[in-house]
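Me: Please take a close look at the surface with me, and then add a few words on one strand. I'd enjoy a connected account with the cut-offs spelled out.

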Amino acid sequence: MSSKFKTWLHRHDGGKRTVKRSGNRNLQFENDKFFPFIIEEIKKGHTATILLRGNSMRPFLETERDKAVLTSPGNLKVGDPVLAEIEPGHYVLHRIISIDGKNVTLLGDGNIRCEHCTVDDFRAEVVGFYRKGRKKLDRTDGMKWKVYSWFWMRLRPIRRYLLAFYRYVWLNLFKIK
């Protein structure tokens, strides 16, 4: 996901810190200013819940509707979504599609072009998503995410056409809130 993000930082002890409000408005930061702050908090043992912005993880995740829960990167494998800094100041939240030693290939679900980085460029692991305004977390290690992922990763040869249908037909029929 790219552009501007809104966030809520959660401490493991349940306490809450926010960069959300300025009066009645949300604060928005550019990625190169926002993510270093988030990454530092994650390194301190906190988790971060961010409101997603961008279309790179469509059709499962929508901009300014869904939230991702980030934590310290652990033992990541193919299919896992990660926050990576693919070049200085350029952060992406994409799925790992291959790992070859330290070299990694990433691909957003809504993208057709891959991006490359190393495992040292991982800044956070996504442990789940709050989708469609729900209060229940869809965990990335849960059956629902694994089934979605399994099918979507195998549809890569025709993904371009499915994404075009989703963008030009589906979104016009069913307005995203």
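Reply: Met-143, Val-147, Trp-150, Phe-151, Leu-155, Ile-158, Tyr-161 and Leu-162 make up a nonpolar patch on the surface, together offering about 800 Å² of accessible area (Shrake-Rupley method, 1.4 Å probe, with only the protein chains shown as cover for residues). This is a predicted model, where local features need pLDDT of at least 70 and side-chain atom pairs pLDDT 80 or more, while totals for chains, interfaces and linings use all residues. Residues are numbered from 1 along each chain as its sequence is written, and side-chain values use heavy atoms, leaving out hydrogens and water.

A patch takes residues with over 30% relative accessible area and no salt bridge, joining nonpolar side chains (Val, Leu, Ile, Met, Phe, Trp, Tyr) within 5 Å and like charges within 9 Å; a salt bridge puts a side-chain nitrogen of Lys or Arg within 4 Å of a carboxyl oxygen of Asp or Glu. Both α2 (143-154) and α3 (159-173) supply at least two patch residues, with the largest share, 4 residues, coming from α2. Helices here are DSSP H or I runs of at least four residues, strands E runs of at least two, numbered from the N terminus. Ile-158 sits in the loop between α2 and α3, and counts as partly exposed because its relative accessibility is 42% (buried is under 20%, exposed over 50%, partly exposed in between, with a 1.4 Å probe and protein chains only).

Now to the strand: β9 (residues 103-107) has 4 of its 5 residues buried. It pairs (at least two DSSP bridges) antiparallel with β8 (residues 90-100) over 5 bridges, and 4 bridges join β9 to antiparallel β10 (residues 115-118). Thr-105 in β9 stands opposite Ser-98 and also opposite His-116 in β10.
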